[in-house]
Amino acid sequence: MAQAIASRARKAVVKALESECWQLREGARRYLGQRKVVRPSIVNKRSSDILHDPWYNKGTAFPLTERERLGLRGMLPPRVMSINQQIDRFMANFRSLERNTRDGPQEVAALAKWRILNRLHDRNETLFYKILIDNIQQLAPIVYTPTVGLVCQNYSGLFRRPRGMYFSAADRGEMMSMIYNWPAEQVDMIVVTDGSRILGLGDLGVQGIGIPIGKLDLYVAAAGMNPQRVLPVMIDVGTNNQQLLDNPLYMGLHRPRLEGEEYMSIIDEFMEAAFTRYPDVIVQFEDFQSKWAFKLLQRYRTHYRMFNDDIQGTAGVALAGVLGAVRAQGRPMSDIAKQKIVVVGAGSAGLGVVSFMKQAVARVVGNDSPQVQGSDNFWLVDKDGLVTEARENIDPDAKQYARSLDDISRSGLQEGASLVDVVRHVKPDVLMGLSAVGGLFTQEVLEAMKLSDCPRPAILPMSNPTSKAECTAEQAFKYVGPHIVFASGSPFQDVDLGDGKIGRVNQGNNMYLFPGIGLGALLSGAHHITDGMLHAAAECLASVMDEESLQKGIIYPPIPEIRNITAKIAEAVIKEAIIEEVAEGYRETDPRELQAMAQDDSILAYVEKNMWSPEYSSLVYES
Ligand SMILES: NC(=O)c1ccc[n+]([C@@H]2O[C@H](COP(=O)([O-])OP(=O)(O)OC[C@H]3O[C@@H](n4cnc5c(N)ncnc54)[C@H](O)[C@@H]3O)[C@@H](O)[C@H]2O)c1
Ligand SMILES: O=C(O)C[C@H](O)C(=O)O
Ligand SMILES: [Mg+2]
């Protein structure tokens, strides 16, 4: 009897242990599966060659064992510093630079900050990206708008080392082999420009390379793209900027821009070369003048994995902003269909916004609704005033958004009506600027916005850089009133409205969307980027805002949140790609696995696991 009891007890213990082991094993499996492993990097160089390679260099953070193994002993000061100490040292330098340049011209200070960041980028990529991510609010205005505009304008003087690739009209017939000069075996993301419309600064020719570099910095910081697998590209087809042509030190081709078929064939050749060497790459078109931006998007979008950020990224951010403004009015998002929206600027950005928002309205009220058919809630204004069907030589891309003559005569307007007249007659809920004309929202225009019966009119001067913003935040709050919702393309400070009240300033910039669109496209393996994926991205951005923030007039998430937001946007993009059956998988993750992940709600974990973060990995030498 006693024996039987002992045996039963033993079995129970074994069973309990087995079950505990199973739980432990399961726990470990789940933990290990989700854990990010920092793999060692294989290097085939030693000693000072490593110190001069920004990808492997850790500077004073090389541990003693690595110094020993890699022939670095004696090549560095003896004390081993942690990455946090390196950050403290850099930030102390940065702050002292800030103090020393505070009272001088702002542009000099901005360029000095860009220079020390760029030098860090050139010598230690890991540290550079760690500092950028941890201080994104403070540093985005330097690597990105507005300072990046200044950098492009002064590029010839600032140039020290090349970054990215340059293809020019002189390389015709050679691009297919040139692309193999790029050292990386794999490239996930290319941002390309032809320099023809750099922010609102116009044609800056080859100097526009600063924009792809800045955008890709954000891809790494916000989307966790691996910096070894991104490629900034400049296609130099000449410039029509006479100042540059007259400058003997200008580094681009000294010739007017190629036009027509000649131009198109250069871009075609580049695309073929890029997708031949890197078939899974995503190409983001950036800052092409509008006349080419639309044509190239139409030409490539179903054939290649590409998108145009100025048309499509901007449109999504604008839509999310307007949806936020609608909610800030205390109305449901579906009321977007009732908003009166004046868009000033009918270039790639303005037209992209109107087209995308019309699609969004159609999603809400249905395609056949007269609101959609007649573009009822959009008024487009360009350099010649209100765009109507009476416009002579109307830009074919703008034609479908022109107001009908019947409609405008009813509202007391006419073809070419001035902006102030349009605002007075329309009394819009939303006034959006994408004109690249600084100060276009004059006191008169802003005061006319007071006629709007909207409880919280939105003033959105989205042109970049700061000098091209249609108005400042202060002007908007002063001339329209404290109740507005405000967002600008480049950053402004919140405005002190007195009595302890603050006028909230949002940054309505495509930086909130393009990283998530690119990352989602990459990780879904979608063959091309569909409208549905773009809408999913925009709707996701709009949905992350909570009511409390919206009531305060905050319509976009805080910049320091951009990495988390980007992961969520990528999740939304991937889910949509799966629904539309365009997701073809990424690396070892096939479409069936993506579907399984979508079902057990683990797409976000998959995204996060695939995001690169700046950490020093141990270096293993192989000859
Ligand atoms: N915030 C963002 O995320 C974002 C994104 C993309 C573009 N942008 C900015 O939008 C601006 C425009 O970009 P784009 O590619 O459309 O440029 P574009 O040159 O193609 O278009 C400019 C448009 O503004 C119009 N315009 C010029 N002067 C005007 C005036 N006095 N009154 C009314 N309209 C006028 C032109 O007729 C044209 O339609 C740039 O400053 C760019 O930096 C901002
Ligand atoms: O670059 C930016 O800051 C946004 C946008 O792409 C632009 O062209 O202005
Ligand atoms: Mg742009």
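Two residues are in contact if their C-beta atoms, placed from the backbone, lie within 7 Å. The views below are of a predicted model.

**View 1. Contact of helices α11 and α23.** In this view K215, L218, Y219, A222 and A223 of α11 meet F514, P515, G516, G518 and L519 of α23. By residue class, this contact divides into 7 nonpolar, 2 polar and 1 charged. The two axes, those of α11 and α23, come within 9 Å and cross at roughly 70°. That crossing makes α11 roughly perpendicular to α23.

**View 2. R197, in the loop between β3 and α11.** The loop that holds R197 runs between β3 (189–193) and α11 (210–223). R197 is one of the residues covered by an unreviewed UniProt entry as "binding site", together with N464 and N509. R197 counts as buried because 26 other C-beta atoms lie within 10 Å, where the cut-off for buried is 20 or more. Neighbours within four places in sequence left aside, the contacts of R197 are G202, D287, F288 and Q289.

**View 3. N509, in the loop between β15 and α23.** N509 is placed in the loop between β15 (505–507) and α23 (514–524). The "binding site" annotation of the unreviewed UniProt entry includes N509. With 25 other C-beta atoms within 10 Å, N509 is buried. Apart from neighbours within four places in sequence, N509 is in contact with T145, V317 and G489.

**View 4. The annotated residues E286, D287 and D310.** UniProt lists these three residues under "binding site" in an unreviewed entry. They span 25 residues in sequence, yet no two of their C-alpha atoms are more than 6.7 Å apart, so they gather at one spot. D287 lies in the loop between β5 (282–285) and α14 (290–300), whereas D310 is in helix α15 (residues 309–328). D287 has 27 C-beta neighbours inside 10 Å and therefore counts as buried. D310 also counts as buried, with 26 C-beta neighbours inside 10 Å. Leaving aside neighbours within four places in sequence, D287 is in contact with T193, R197, I198, L199, G208, I211 and D310. On the same basis, the contacts of D310 are E286, D287, A293, S348, A349 and G352.

**View 5. Cis peptide bonds before P146 and P465.** T145 and P146 are joined by a cis peptide bond, with omega about 10°. P146 is located in the loop between α7 (136–143) and α8 (147–153). T145 is also among the contacts of N509. A cis peptide bond likewise joins N464 and P465, with omega about -10°. P465 sits in the loop between β11 (458–461) and α22 (473–479). N464 is one of the residues under the "binding site" annotation from the unreviewed UniProt entry.

**View 6. Positive phi at N393 and D601.** N393 is not a glycine, yet has a positive phi of about 50°. The loop that holds N393 runs between β9 (385–386) and α18 (396–399). N393 counts as exposed because it has 6 C-beta neighbours inside 10 Å, the cut-off for exposed being 12 or fewer. D601, a residue other than glycine, has a positive phi near 55°. D601 is found between α27 (591–599) and α28 (603–609), in a loop. With 10 other C-beta atoms within 10 Å, D601 is exposed.

Key
Residues numbered from 1 in each chain as written. Chains lettered and ligands numbered in written order. Predicted model: local features only at pLDDT ≥ 70, side-chain atom pairs only at ≥ 80, totals over all residues. UniProt positions renumbered as here; feature names shortened; annotations may be inferred. Helix = DSSP H or I, 4+ residues; strand = E, 2+ residues; numbered from the N terminus. Axes fitted to C-alpha atoms, helices over the stretch in contact; angles between N-to-C directions. Parallel < 35°, antiparallel > 145°, perpendicular 65-115°, else oblique. Nonpolar A, V, L, I, M, F, W, Y, C, P; charged D, E, K, R; others polar.
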